[in-house]
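Biologist: Hi! I have a new structure open and would love some company while I look around. Could you walk me through it?

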Amino acid sequence: MKQASTRVIAICSDAIGETAEAVALATLRQFELTNTEIKRIMNVRHEDEITRLMEEVSSRGGMVIYTIVQPELREAIKEESIRLHVRTVDIMGPMMQAVIDTFNDTPKRLPGLLHRLDEDYFRRIEAVEFAVNNDDGKDVGAVLKADIILLGVSRVSKTPLSIFLAHKGKKVVNYPVVPELTPPAQLREVYNGKIFGLTIDAQQLVKIRSERLKALGLPVDVHYASLVRVQDELKYAQSLYDSLGCPVIDVTDKAIEETAGLIMQHF
């Protein structure tokens with residue numbers, strides 16, 4: 001049972017509510033709210049569902065963020081928000097109206113189009129499977145089949161970046177750069193616009209590696225996490241990137257999304 005003092009931000013959607021929740025989470029990072037729950041209500045189809053939701057939110061002193069395309073359901077939310085004095089935020093409505101006004105077009109008003117099982121969807125699934133199967137240089141031959149090849153020393157977020165890009169439909173291979181390991185010859189056969197080298201501030205990488213070792217219950221004062229070793233690895237990686245002529249992205253203090261955005265811009 002939730003405590004009565006727990007406030008709620010309800011995500012109401014006629015699909016899965018991913019878009020509205022992403023907006024809510026991005027906004028909440030700007031605040032230090034405690035005792036606040038994000039509750040997602042998906043596949044809303046009837047006005048009585050909206051009434052129940054709005055009454056619950058009202059009783060808990062919360063707010064509603066919604067992505068609804070059906071006009072009658074959108075109107076129901078507006079009416080209930082007035083009746084119950086509940087603050088609501090319409091994520092899609094203003095954008096849809098702007099498109100209507102600008103391009104004089106009519107929306108399909110079909111829920112869930114973003115997540116429909118179409119060719120795009122299955123391409124993303126295939127890309128995710130490809131990224132997982134080719135993580136950390138498991139199959140050198142996959143370099144020639146990839147859309148994007150990520151190179152980097154250990155702990156520069158190659159794997160999560162690969163998965164994120166895969167969700168964008170890109171087949172990604174990531175390969176570890178280690179001074180003692182000869183890079184695959186296939187890299188020289190690839191169009192260099194596909195290869196991206198990742199680098200990072202040496203001090204930050206030392207900290208990341210030390211924290212990783214600590215989390216595994218291993219000693220942190222080992223060569224792998226020493227500043228000298230890290231500097232040597234980064235220097236070697238830069239020389240490899242120079243020889244390949246590939247773009248280099250500094251991931252220091254960058255979120256995965258930001259790094260992925262830079263890569264997609266190059267694309």
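Biologist: Let's start with N43. Which residues does N43 touch, not counting residues up to four places away in sequence?

Modeller: Happy to help! Keep in mind that this is a predicted model. Leaving out residues up to four places away in sequence, N43 touches S13, D14, A15 and E49.

Biologist: And where does N43 sit?

Modeller: You'll find N43 in the loop between strand 2 and helix 2. N43 counts as partly exposed, because its relative accessibility is 42%.

Biologist: How far apart are N43 and I68, in sequence and in space?

Modeller: In sequence, N43 and I68 are 25 residues apart, and in space their C-alpha atoms are 9.6 Å apart.

Biologist: Okay, charges next. How many salt bridges turn up in the whole structure?

Modeller: A search of the whole structure gives 14 salt bridges. One of them joins R40 and E21, with the closest N and O atoms 2.2 Å apart. R40 is in strand 2 and E21 is in helix 1, so this pair ties together parts that are 19 residues apart in sequence.

Biologist: Is E21 buried or exposed?

Modeller: E21 is buried, with a relative accessible area of 18%. Its partner R40 is partly exposed, at 34%.

Biologist: What about E56, which residue does its side chain meet in a salt bridge?

Modeller: That would be K39, at 2.9 Å from N to O. E56 belongs to helix 2 (residues 47-59) and K39 to strand 2, so the pair ties together parts that are 17 residues apart in sequence. Both ends come out as partly exposed: E56 has a relative accessible area of 26%, and K39 has 27%.

Biologist: Which residues are linked with E56 and K39 in a network of salt bridges?

Modeller: E37 and R60 join E56 and K39 in that network.

Biologist: I also clicked on R83 and E80. Where do R83 and E80 lie?

Modeller: Both are in helix 3 (residues 71-84), three residues apart, which is about one turn of the helix. Their side chains meet in a salt bridge of 2.6 Å, N to O. E80 is buried, with 12% relative accessible area, while R83 is partly exposed at 44%.

Biologist: Switching topic: the nonpolar core! In the largest nonpolar core, which residues touch the most other members?

Modeller: That core has 36 residues, and the ones touching the most other members are I149, L150, L151, L165, I195 and I263. Several elements give two or more residues to this core, among them strand 5 (148-152), helix 6 (158-166) and helix 9 (256-266).

Biologist: Which helix gives the most to this core?

Modeller: Helix 8 does, with six residues.

Biologist: Zooming in on L165, what does L165 touch, not counting residues up to four places away in sequence?

Modeller: With those sequence neighbours set aside, L165 touches I148, L150, K170, V172, A260, I263 and M264. There is also a second, separate core of 17 residues, including V44, V64, A76 and L84.

Biologist: Now the cysteines. How many disulfides does a search of the whole structure find?

Modeller: Zero. For background, a disulfide is a covalent bond between the sulfur atoms of two cysteines. As for individual residues, C12 is buried at 1% relative accessible area, and C246 also counts as buried, at 8%.

Biologist: Back to the surface, then. Which residues make the nonpolar surface patch of about 330 Å²?

Modeller: M95, V99 and F103 make that patch. M95 lies in helix 4 (residues 93-103) and is exposed, with a relative accessible area of 57%.

Biologist: Last one: what is special about the phi of N104?

Modeller: N104 has a positive phi of about 55° although it is not a glycine. In general, most residues other than glycine have a negative phi. N104 lies in the loop between helix 4 and helix 5 (119-133), and it is exposed at 72% relative accessible area.

Biologist: And where is N35 found?

Modeller: In the loop between helix 1 (18-28) and strand 2 (36-41). The phi of N35 is positive too, near 55°. N35 is partly exposed, with a relative accessible area of 45%.

Biologist: Great, thanks for the tour!

Methods: Residues numbered from 1 in each chain as written. Predicted model: local features only at pLDDT ≥ 70, side-chain atom pairs only at ≥ 80, totals over all residues. Heavy atoms only, no water. Patch = residues over 30% accessible without salt bridge, like charges linked within 9 Å, V, L, I, M, F, W, Y side chains within 5 Å. Areas by Shrake-Rupley, 256 points an atom, 1.4 Å probe, with all protein chains shown as cover. Salt bridge = Lys/Arg side-chain N within 4 Å of Asp/Glu carboxyl O. Helix = DSSP H or I, 4+ residues; strand = E, 2+ residues; numbered from the N terminus. Buried < 20%, exposed > 50% of the residue type's maximum accessible area, 1.4 Å probe, protein only. Disulfide = S-S within 2.5 Å. Core = buried A, V, L, I, M, F, W, Y, C linked by side-chain atoms within 4.5 Å. Contact = heavy atoms within 4.5 Å.
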